[in-house]
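Okay, thanks for coming, everyone. I've got one structure to walk you through today, so let me put it up on the screen.

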Amino acid sequence: MGVGILFPFASNEEKDMLVATIGPFWDANETWLVLAIGPLLVAYSSIGASWLILKTEYTLQAKAIDWAQGGIWGLAIGLGAVSLATPLVSPRVFDKWSTYPEIVLLAPMPLLSAVLVWMPWRSLQRLPKTTDKGARAPFCYAISLFVLAFGGLAYSFYLYVVPEN
C-alpha cells in the first residue's frame with residue numbers, strides 16, 4: 001500500500017492516522033498479500049540459487065546448491081498453499097477449475113507441478129560435478145515451474161485481477 005511509503009515523513013501521531021486510514025482495507029488484502037508475496041520471494045530465491053549454480057563454481061556453487069535444495073521445498077509448500085487456498089476463498093476460481101471440461105484439461109497442471117518440483121530436487125542431489133554437467137537443469141526446471149505457476153494464476157484470475165471484484 002502506498003501509505004506505508006509515507007511513514008518516514010510522518011510524526012508518530014500521523015503514523016497512527018495513516019494506519020487507521022488503511023485498516024479497513026488491509027485486513028481484506030492481508031491474506032492475499034501473504035499468499036502472493038511469500039511464495040514469490042521463495043520462487044525468486046530458488047531461481048537465483050539455480051542461476052548461481054549455473055554461473056559459479058567451487059564454494060559458492062556448493063552454497064548455491066544448498067540454498068536451492070532448501071528453497072525448492074519452500075517453493076513447493078508455497079505453491080501448494082496458494083493452489084489450495086485460492087479456490088477455497090474464491091467461488092469463481094473454484095468454478096473455473098472444477099467444471100467440465102476444464103477439470104479434465106487442467107488436471108495435468110498439478111501433476112506437472114509435482115514433476116517440476118521433484119526434477120530439480122533430484123538433479124540437485126547429483127551436483128556439484130567437476131564438469132558442470134547438469135548445472136543448467138535446476139535453472140531450467142525452476143523457470144518452468146515459475147511460468148507454470150503464474151500461468152495457473154493468470155488463468156484463475158483472467159478478467160478479474162482483484163479477487164472477487
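I'll start with the overall picture, then go to the surface, and finish with a few buried spots.

First thing to keep in mind: this is a predicted model. So what is it built from? The chain has six helices and zero strands. If you read along the sequence, you just get α-α-α-α-α-α.

Now some global numbers. There are 165 residues in the chain, and buried ones make up 26% of them. The chain exposes about 10,700 Å², and 70% of that comes from carbon and sulfur atoms. For contacts, take the pairs at least 6 apart in sequence: 69% of those join residues that are at least 24 apart.

Okay, surface next. Which residues make the nonpolar patch? That's Tyr100, Ile103 and Val104, and the patch is about 350 Å². Ile103 sits in helix 4, which runs over residues 102–106. With a relative accessible area of 41%, Ile103 is partly exposed, and the cut-off for joining a patch is over 30%, so Ile103 clears it.

While we're in that stretch, have a look at the peptide bond between Tyr100 and Pro101. It's cis, with omega at about 5°. Pro101 itself is in the loop between helix 3 and helix 4. So Tyr100 turns up twice here, once in the nonpolar patch and once in the cis bond.

Going back a little in the sequence, helix 3 covers residues 91–98, and Asp95 is in it. Asp95 is partly exposed, at 42% relative accessibility. Asp95 and Ser156 are 61 residues apart in sequence, and their C-alpha atoms are 9.6 Å apart in space.

There's a charged patch as well. Arg122, Arg126, Lys129 and Lys133 gather into a patch of positive charge on the surface. Lys133 is in the loop between helix 5, residues 108–125, and helix 6, residues 137–157. Is Lys133 buried or exposed? Exposed, with a relative accessible area of 60%.

Right, let's go inside. Helix 1 spans residues 12–55, and Ser50 is part of it. Why do we call Ser50 buried? Because its relative accessible area is 2%, and buried means under 20%. Leaving out residues up to four places away in sequence, Ser50 touches Pro138, Phe139 and Ala142.

Ser46 is also in helix 1, and Ser46 is buried too, at 6% relative accessible area. What does Ser46 touch, again not counting residues up to four places away? The list is Gly71, Ile72 and Leu75. Pro138 comes up for Ser46 as well, this time as a distance: the two are 92 residues apart in sequence and 9.1 Å apart in space, C-alpha to C-alpha.

Last one is Leu124, over in helix 5. Leu124 is buried, with a relative accessible area of 2%. Leave aside neighbours within four places in sequence, and Leu124 is in contact with Ile53, Ile65, Ala68, Gln69 and Pro138. Take Ile53 from that list: Ile53 and Leu124 are 71 residues apart along the chain, with their C-alpha atoms separated by 9.5 Å.

So if you want one residue to click on, try Pro138: Ser50 touches it, and Leu124 is in contact with it. That's what I had.

Key: Residues are numbered from 1 along each chain as its sequence is written. This is a predicted model: local features need pLDDT of at least 70, side-chain atom pairs count only at pLDDT 80 or more; totals for chains, interfaces and linings use all residues. Side-chain values use heavy atoms; hydrogens and water are left out. Helices (H or I, at least four residues) and strands (E, at least two) are DSSP runs, numbered from the N terminus. Buried means under 20% relative accessible area, exposed over 50%, partly exposed in between (1.4 Å probe, protein chains only). Contact means heavy atoms within 4.5 Å. Accessible areas come from the Shrake-Rupley method with a 1.4 Å probe; for residues, only the protein chains shown count as cover. Patches are made of residues with over 30% relative accessible area and no salt bridge: like charges are joined within 9 Å, nonpolar side chains (Val, Leu, Ile, Met, Phe, Trp, Tyr) within 5 Å. A salt bridge is a side-chain nitrogen of Lys or Arg within 4 Å of a carboxyl oxygen of Asp or Glu. Lys and Arg count as positive and Asp and Glu as negative; His and the chain ends are not counted. The place of a charge is taken as NZ of Lys, CZ of Arg, CG of Asp or CD of Glu.
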